[in-house]
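Trainee: I am new to this structure. Could we go through some of the terms together?
Mentor: Gladly; here it is.

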Amino acid sequence: MSIELATLNGQSADRAARDQSPLAIRGMTVSYGQKPAVFSVDMTVRPGAMTAIIGPNGAGKSTLLKAALGIITPLAGTSTVFGKTVARQRDWIAYVPQRASVDWDFPTRVIDVVMMGLYAQLGLLGRVRAHHRAQALDCLARVGMQDFATRQIGQLSGGQQQRVFLARALAQQADLYLLDEPFAGVDAATEKAIIDVLKSLRDAGKTVVAVHHDLSTVAEYFDDVFLINTQAVAAGPVADVFTQENLQATYGGRLAGAQMDSLSAATA
């Protein structure tokens with residue numbers, strides 16, 4: 001009886017955690033061909049925190065996010081946003097894809113890209129009014145791109161394009177922000193601008209989850225970390241989980257000794 005009660009209590013606790021979590025993933029499995037890209041991964045994101053998803057190349061970081069959002073179809077697994085299906089909670093989510101996955105030759109202006117984030121307000125055939133444009137310009141100002149509102153998106157640098165996509169996410173006024181490699185290929189000024197905006201969202205009670213590759217900035221940028229190498233390795237607050245032991249278990253021989261030494265100094 002005591003074992004049965006413990007099991008029931010554990011299930012209740014897990015259900016409560018899922019219902020309260022901005023993003024809860026259970027048993028997620030995705031395969032490209034014969035080899036799983038993600039295998040039976042569980043992840044529960046803490047509300048009002050910034051969480052980094054880290055792991056080596058090919059570890060399934062981006063795949064996990066895409067499967068959770070339904071962008072790709074998993075073999076197995078579920079994902080919920082505040083206890084409800086992602087399909088029912090779309091308006092609560094803002095997603096910034098990898099910059100390399102976007103067709104930047106599409107002929108559209110910066111301001112139009114940002115106003116795509118206002119779709120929930122505008123509807124399919126909604127009329128763009130002055131206050132919608134003002135909202136979009138305000139979002140551009142938050143990422144330092146207000147002077148580029150009428151520029152064609154393809155004329156921008158990589159860092160500027162990333163800022164515009166972040167501005168579009170801001171326009172959605174979401175509760176959960178999911179970003180896939182937001183700092184990849186951007187300059188130092190853009191990286192600082194992006195992290196400042198993300199921290200301001202966190203400070204306003206929003207939840208941020210980002211696929212991240214630079215181990216040297218994890219402790220500075222994030223509250224929590226989720227380590228993955230096809231399967232989940234460790235998860236929790238950076239101070240507790242971002243350790244040499246867990247990193248070695250995640251990266252194995254791919255993590256050089258010099259990197260380990262620098263990370264040890266950064267997290268000391």
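Mentor: Let us begin with a definition: a salt bridge is a side-chain nitrogen of Lys or Arg within 4 Å of a carboxyl oxygen of Asp or Glu. This is a predicted model, where local features need pLDDT of at least 70, side-chain atom pairs count only at pLDDT 80 or more, and totals for chains, interfaces and linings use all residues. Residues are numbered from 1 along each chain as its sequence is written, and side-chain values use heavy atoms, with hydrogens and water left out.

Trainee: Why is Lys61 said to have no salt bridge?
Mentor: The nearest side chain of opposite charge, Glu181, is 5.0 Å away, and the limit is 4 Å, so the pair does not qualify. Lys61 is nevertheless buried (under 20% relative accessible area, with exposed over 50% and partly exposed in between, using a 1.4 Å probe and protein chains only).

Trainee: What makes Glu181 a contact of Lys61?
Mentor: Contact means heavy atoms within 4.5 Å, and Glu181 is among the residues that Lys61 touches, as are Ile53 and His212.

Trainee: Why is Phe39 called partly exposed?
Mentor: Phe39 has 39% relative accessibility, so it falls in the class between buried and exposed. Phe39 sits in strand β2 and is in contact with residues including Met28 and Gln231.

Trainee: How do you know that β1 and β2 pair?
Mentor: Pairing needs at least two bridges found by DSSP; β1 and β2 have six, in the antiparallel sense. One of the bridge partners is Lys35 in β2, matched with Tyr32.

Terms used. Lys and Arg count as positive and Asp and Glu as negative; His and the chain ends are not counted. Helices (H or I, at least four residues) and strands (E, at least two) are DSSP runs, numbered from the N terminus. Lists of a residue's contacts leave out its neighbours within four places in sequence.
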